[in-house]
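Let's take a friendly look at how two helices cross and how some charged side chains pair up. Have the structure open as you read.

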Amino acid sequence: MLNSAYDGILYLSRDNVETICQEIDSVAVIRDVFRMHGSGQTVLPDEAYLTWRNEHDESVRSLNMPGYLGGELQAAGTKIINSNIANPTRGLPRASGITVLYDTNSARVMCIMEGAYISSLRTASVTALAMDLLRPAHMECFALIGSGVLAQMHVKLLVERFPDLRAVRLYDIDPGRVEAFSAACQPFLYEHDVALHVASTAEDAIRPAQIIVPATTTIEGYIRYAWLQPGALLVNISLDDPLPEVVFKATSVIIDDWNLVSEDPRRLIGRMFRQKQVVGPGESVDLQAGQRRIDAELGDIVTGAKMGRRQEGDIILVNPFGLAIEDVALASHVYRVAVQRHLGTWLPR
């Protein structure tokens, strides 16, 4: 239960959230989230998706994603994340948002915190968890497609967590973003003796890599199965980067929540579900020609209900939707540290 002796609402700024997150093992938190989710201790409604055209005729969106976690955590809240892919051209972050936490007894709002940092941290932490569970034995090259905030978060988390990574291969269609990424990450990579290679194409970045993470905003697929070496782990945190052939041919396809993935018509596997090309991991149906079964949810792997990597040469696609319970769990840990250390600003109700 989230509560405080002060009957107000605690506001935590971006600086507060970043500072506190340095003290939290985010990957351990995310592992606990999937353990609880895999054992039925969470409530995860559908997201509310609002989109409109702004005065510049750009498509902008607002997502509201609530979630509840029981067990030892007892946390409830919602994540609001808004974005416009044109924002960076005006010097603004592509995405911004807040995470709101509720008292689990009264349902009153207890805390409001900047949400974009937690959102990027939990996304990178899901990738790290997937690597913990599904990594190949040989892992030294990491490919990033896209060089924005998510890419930077991945580099900083994964390089520290996996010391056998020796090279990052980066591709982005925007040279300016590559330059900004290099300026932000090169000192960190140099400190950890990791080489940064800027690739001329996505294929050039992906073919030598054992770990591939597309972090883009594209809605057109381009990653071909033939680009993936035996044993490769592709964690698709974007929308549509892999082509359908990757879904069909991968040894295993693992998602985070089948209900959310299948209900989303805007992403690859949700569209394939509507075209009757994929069926869920728990659906007892005989596969027809041109169909494949999604192998597991990440919670199944964490709890041991299903196997992850079976053989060294398995090519595995992890296609997470991104779950509000991840943000709520991380935010609840942040809130507890903030109250203990008297950080943030109390707002009167």
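A crossing counts as right-handed if the near helix is turned clockwise from the far one by less than a right angle, and as left-handed if anticlockwise. In this predicted model, the crossing of helix 3 and helix 11 is right-handed. Helix 3 covers residues 116-134 and helix 11 residues 324-341; they pack at an angle of about 115°, with their axes 9 Å apart. That makes the two helices roughly perpendicular.

On the helix 3 side, the contact is made by Ile118, Ser119, Arg122 and Val126, while helix 11 brings Glu326, Asp327, Leu330, Ala331 and Val334. These residues divide into five nonpolar, one polar and three charged.

Side chains of opposite charge can pair when their charged atoms come close. The structure holds 24 salt bridges, and three of them are set out here.

| Salt bridge | Closest N and O atoms |
|---|---|
| Arg266 with Glu47 | 3.2 Å |
| Arg122 with Glu326 | 3.6 Å |
| Arg177 with Asp174 | 3.5 Å |

Arg122 lies in helix 3 and Glu326 in helix 11, so this pair ties together parts that are 204 residues apart in sequence. Arg122 is buried, with a relative accessible area of 7%, and Glu326 is buried at 1%.

Arg266 sits in the loop between helix 8 and helix 9, and Glu47 in the loop between strand 2 and strand 3, so their bridge ties together parts 219 residues apart in sequence. Arg266 is partly exposed at 33% relative accessibility, whereas Glu47 is buried at 17%.

Arg177 and Asp174 are partly exposed, with relative accessibilities of 36% and 29%. Finally, salt bridges that share partners join Glu47, Asp264, Arg266 and Arg267 into one network.

Technical notes
Residues numbered from 1 in each chain as written. Predicted model: local features only at pLDDT ≥ 70, side-chain atom pairs only at ≥ 80, totals over all residues. Heavy atoms only, no water. Axes fitted to C-alpha atoms, helices over the stretch in contact; angles between N-to-C directions. Helix = DSSP H or I, 4+ residues; strand = E, 2+ residues; numbered from the N terminus. Parallel < 35°, antiparallel > 145°, perpendicular 65-115°, else oblique. Contact = heavy atoms within 4.5 Å. Nonpolar A, V, L, I, M, F, W, Y, C, P; charged D, E, K, R; others polar. Salt bridge = Lys/Arg side-chain N within 4 Å of Asp/Glu carboxyl O. Buried < 20%, exposed > 50% of the residue type's maximum accessible area, 1.4 Å probe, protein only.
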